[in-house]
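Hi,

Here is the structure I promised to pass on. Have a look at it first, and my notes on what turned up are underneath.

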Amino acid sequence: MRTKGFLFAIIVLSAILPGCRKKSGEELVLEQLDRVLEMKETYEGYFVQRVNALKSLATGTSGPIQEYDANKHIAEEYLTHSLDSAVAYLEKNLSIAESLHDSFRAEETDLMLVKLYAKAGYISDAENIAQRYSDDSIPEGLEYQYYEAMSTLYGELGAYSSSREFWVKRNHYLAALKEYIGDDTFEGCDILRTEAVAKGQDSLARAYAMKMLELSAPNSKEFASAAFFYQEGLEDQGERIQWLAKSAIADMMTATRDYASLNILAQELYNAGDFTRAFRYSADHCMRDAIYYNGKLRPWQVARFFPQVENKYEQLSKEQTRRLRTLSIVAVILVLLLGLTLFLIVKRQRVLSKTRKELEATKNAIEQRNDALEAINARLQALNGELSESNKVKQEYITLFLGYLSENISTARQYKNHVLKYIRRGNAEYLKDEIEAMPPIDEDIQEFYRMFDRTFVNLYPGFVDKFNALLAEGEAIVPKGDDILTPELRVFALIKLGIVDSSSIATLLHYSANTIYNYRAKVKNKAKGDRDSFEAAVKAIE
């Protein structure tokens with residue numbers, strides 16, 4: 001039994017401990033990316049709302065210049081979301097510029113198209129437009145846009161060609177571009193990073209990429225680019241995965257469809273053995289987004305990797321199928337064993353059930369005896385409580401009134417000796433004057449009342465409040481001045497003590513029987529409930 005319990009504990013711990021393991025930064029950021037991908041349609045909705053607002057602005061403009069500016073903003077929104085949409089709005093601007101004979105805006109739109117086509121992989125289209133311009137005829141006021149478009153074009157040409165000529169031209173335009181932008185801006189740091197990469201200065205390139213991160217708003221397009229560039233020079237695979245995931249998160253939150261981060265992240269995860277995520281990212285997102293964007297370069301990049309991860313995923317699926325088949329066989333065997341075990345348990349249960357019924361019958365008989373004993377014990381406790389209360393009252397009053405009687409006896413004895421002394425001396429006349437000068441009997445009665453009140457309230461401290469609770473609202477009886485109880489309260493205090501006869505109460509309180517009757521009737525008329533049960537309720541006050 002101990003061995004089985006030990007094995008069971010090991011199984012339970014092996015199942016629990018992996019869930020208790022602290023997750024790494026890589027796992028946390030990948031889980032965040034998974035949540036963002038689940039909300040992809042939500043971020044797409046935000047993008048559509050933003051673009052629709054710009055489209056409404058373009059429709060409601062008062063002139064072609066305002067429409068041109070609105071179209072330009074819409075095209076900039078679509079640059080990384082939909083190539084066809086971006087081109088469509090830029091072509092609208094070309095038509096507007098031609099209708100206005102505005103060469104500046106036409107040239108500005110051309111340069112935007114050069115950059116857009118180059119980055120999307122439509123190199124021939126970009127070159128056809130770029131051939132209209134040269135370094136000697138740069139449009140005035142568009143120097144920055146010209147150098148940016150040309151550096152982008154030759155950078156893309158250099159990336160897919162063995163010729164050094166394209167890199168030389170790219171570096172030439174980058175150097176020219178630096179004159180129009182500060183080194184402490186996002187674009188300036190990007191240029192310096194690109195130059196550092198060209199020179200093989202990986203540490204310096206990472207430093208500029210970090211500076212770009214610092215200049216970027218969280219989860220913006222700029223942050224996505226900076227995070228992607230920062231991971232390029234990292235040697236640790238876990239760090240690369242983290243930064244690629246952060247870049248992909250920013251891409252998804254900005255509704256970017258033309259991206260590289262998620263595709264490269266899928267490849268890194270494939271190399272790290274996370275084939276499920278790699279396949280899901282490639283099949284569900286990278287390929288679909290690349291086709292949606294309609295660029296030439298990105299679908300080709302995804303297609304190169306996709307068959308590899310798809311084959312691996314199929315192998316895993318087949319392996320899982322084999323495992324499921326094996327588990328199914330094991331499950332069937334376990335079910336059979338379970339059935340046999342249940343049969344034995346049921347058989348054993350019948351024996352236990354019979355024994356249990358016999359034990360329950362014995363238990364019920366014992367419980368009935370216990371209930372009877374408890375009832376008897378409760379009655380005895382109630383009687384003991386009543387006796388204790390009665391004894392307490394008796395002891396209090398016996399002590400009080402013994403003291404009072406003893407004091408009266410002593411006073412009477414002293415007064416007797418005093419009277420005999422004056423009689424023996426023959427001073428009867430003086431004695432008569434002294435007796436007539438004695439205090440009236442009413443003072444003794446008042447002293448009796450005070451003594452009774454103090455004693456009763458000590459025995460029943462809450463009597464007055466509980467008594468008033470039995471009366472209707474506004475009919476409470478409240479003692480005035482130094483009185484502890486009123487005449488009415490004294491009458492019902494005696495009733496509480498068990499003295500219910502009006503004549504006896506009148507004798508004790510030195511009232512007439514009629515007065516006691518009136519007090520009782522008057523108070524009962526103020527009762528909150530049934531007046532006939534009022535005195536019984538007073539007796540029940542604790």
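K524 and E535 form a salt bridge, with their closest N and O atoms 3.8 Å apart. K524 sits in helix α22 (residues 513–525) and E535 in helix α23 (residues 534–539), so this pair ties together parts that are eleven residues apart in sequence. E535 counts as buried, because its relative accessibility is 13%. Before I go further: this is a predicted model, so please read everything here in that light.

By the same rule, the count comes to 21 salt bridges. Two others I'd point you to are K178 with E195 and D289 with R257.

The side chains of K178 and E195 meet at 3.3 Å, N to O. K178 belongs to helix α9 (residues 165–178) and E195 to helix α10 (residues 186–198), so the bridge ties together parts that are 17 residues apart in sequence. The two ends differ in cover: K178 is partly exposed at 31% relative accessibility, whereas E195 is buried at 16%.

For D289 and R257, the N to O distance is 3.5 Å. Here one partner, D289, is in helix α15 (residues 275–293), while R257 is in the loop between α13 and α14 (261–272), so the contact ties together parts that are 32 residues apart in sequence. D289 is buried, with just 3% relative accessibility, and R257 is buried too, at 12%.

There is also a network: D34, D274, R277 and R280 are linked to one another through salt bridges.

Now the aromatics. How many aromatic pairs does the structure hold? The number is 23. Take Y147 and Y173: their ring centres are 6.2 Å apart and the planes meet at 35°, so this pair counts as tilted. Y147 lies in helix α8 (residues 143–159) and Y173 in helix α9, so the pair ties together parts that are 26 residues apart in sequence. Both Y147 and Y173 are buried.

F467 and F492 make another tilted pair, at 5.4 Å centre to centre with 50° between the planes. With F467 in helix α19 (residues 463–469) and F492 in helix α20 (residues 487–496), the pair ties together parts that are 25 residues apart in sequence. F467 is buried, its relative accessibility being 0%, and F492 is likewise buried at 0%. These two phenylalanines also belong to one aromatic cluster, made up of F452, F456, Y460, F463, F467, F492 and F534. That cluster is where I'd start when you open the model.

On to the surface. A patch of negative charge gathers D202, E235, D236 and E239. Within that patch, E235 is in the loop between α12 (221–231) and α13 (237–253). Is E235 buried or exposed? With 78% relative accessibility, E235 counts as exposed.

There is a nonpolar patch on the surface as well, formed by I329, V330, I333, L334 and L337, which together have about 460 Å² of accessible area. One of these, L337, is part of helix α16 (residues 297–425). L337 counts as partly exposed, at 48% relative accessibility.

Last, a couple of backbone oddities. Most residues other than glycine have a negative phi, so positive values are worth a glance. H101 has a positive phi, near 55°, and is not a glycine. H101 is in the loop between α5 (83–100) and α6 (103–120), and with 73% relative accessibility H101 counts as exposed.

A255 is the other case, with a positive phi near 60° in a residue that again is not glycine. Like R257, A255 is found in the loop between α13 and α14. In contrast to H101, which is exposed, A255 is buried, with a relative accessible area of 6%.

That's what I have for now.

Cheers

Notes
Residues numbered from 1 in each chain as written. Predicted model: local features only at pLDDT ≥ 70, side-chain atom pairs only at ≥ 80, totals over all residues. Heavy atoms only, no water. Patch = residues over 30% accessible without salt bridge, like charges linked within 9 Å, V, L, I, M, F, W, Y side chains within 5 Å. Areas by Shrake-Rupley, 256 points an atom, 1.4 Å probe, with all protein chains shown as cover. Salt bridge = Lys/Arg side-chain N within 4 Å of Asp/Glu carboxyl O. Lys, Arg positive; Asp, Glu negative; His and termini not counted. Charge placed at Lys NZ, Arg CZ, Asp CG, Glu CD. Helix = DSSP H or I, 4+ residues; strand = E, 2+ residues; numbered from the N terminus. Buried < 20%, exposed > 50% of the residue type's maximum accessible area, 1.4 Å probe, protein only. Phe/Tyr/Trp six-rings, centres within 6.5 Å; stacked < 30°, edge-to-face > 60°.
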